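Please look over the sequence and the structure below before reading the briefing.

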Amino acid sequence: MLKLEDSYIHKGQRRNLVHTLRHKGIKDEAVLEAVNTFPRHFFFDSALLSHAYEDKAFPIGEGQTISQPYTVAFQTSLLQVKPGDKVLEIGTGSGYQAGILYGMGAKVHTIEFNKVLYERTRKFLPKIGIRVSHYCGDGSKGLPEQAPFDKIIVTAGAPAVPKTLLKQLALGGLMVIPVGDRSTQQMLRLTKQTEKKILKENFDNFAFVPLLGEEGWQ
Ligand code: SAM
């Protein structure tokens, strides 16, 4: 059983990771502080532990990954998280991204399609003090019973922007979502300016695992 210890070595590794993220262009100090504070090594089993602070994605089982820290920092920066924001995350995975959002003061609702990952992460996050609301199901359809959301972050690659998710965004709300084909996606930020007017901004390309489900890949 892995001990959940955060040593001065881990803290030093996190400082180095933050330095790397700054160097790669992440400027949002609140995001950098959340990465600096939150122990990513808690999400790694002993075989991969020494890689926890590399700026890389790693397998978490079930064919899924914990996202690269740069990707987490980039998406979170675009989301402009403020304390008290009600945030929907699609694709809980390991729970690392949810922990970063929680650390920034967001009220997080996170949904995962894969039952094994959902159960594992739902049980694990409270053990490390992360209190978020977990749901199991098809996040491409959002979470109508909890809508509207100030922010929506999709952490899997979608073929198109799910219309249902846009409906569940509050007026003035932001959605950050990678959209493209199964191998490469462009990061988009959508701002709901009025019920009918959506501002779309395009950013860099990334490689996410596919968003499955009704408004994802079939
Ligand atoms: N945010 C995660 C983290 O911090 O570890 C990384 C997410 S991983 C790149 C993508 C996740 O999206 C996978 O766990 C996958 O099972 C999940 N997923 C794919 N399609 C989904 C859907 N329709 N609804 C909810 N989760 C979905």
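What follows covers the sheet, the helix packed on it and the surroundings of the ligand.

This is a predicted model, in which local features need pLDDT of at least 70 and side-chain atom pairs count only at pLDDT 80 or more, while totals for chains, interfaces and linings use all residues. Residues are numbered from 1 along each chain as its sequence is written, and side-chain values use heavy atoms, with hydrogens and water left out.

**Sheet and helix**

- Seven strands (E runs in DSSP of at least two residues, numbered from the N terminus) make up an open sheet of mixed pairing, ordered β5-β4-β3-β6-β7-β8-β9; two strands pair if DSSP finds at least two bridges between them.
- Because β5 (133-136) and β9 (198-206) stand at the edges with a single partner strand each, one side of each has no neighbour in the sheet.
- Strands β3 (residues 86-90) and β4 (residues 107-112) pair in the parallel sense over five bridges, and E89 has T110 in β4 as its bridge partner.
- Helix α5 (residues 115-127; helices are H or I runs of at least four residues) packs on the sheet and touches β4 and β5, contact meaning heavy atoms within 4.5 Å.
- The direction of α5 makes about 165° with that of β5, where axes are lines fitted to C-alpha atoms, for helices over the stretch in contact, and angles run from 0 to 180 degrees between N-to-C directions.

**Ligand surroundings**

- The ligand is surrounded by 27 residues, each with a heavy atom within 4 Å of it; the closest are G91, S94, E112, G139 and L212.
- An N or O atom in the side chain of E89 is 2.9 Å from a nitrogen atom of the ligand, and one in the side chain of E112 is 2.5 Å from an oxygen atom of the ligand.

Definitions and conventions
Polar contact = N/O pair within 3.5 Å; in protein donor to acceptor, adjacent residues only side chain to side chain.
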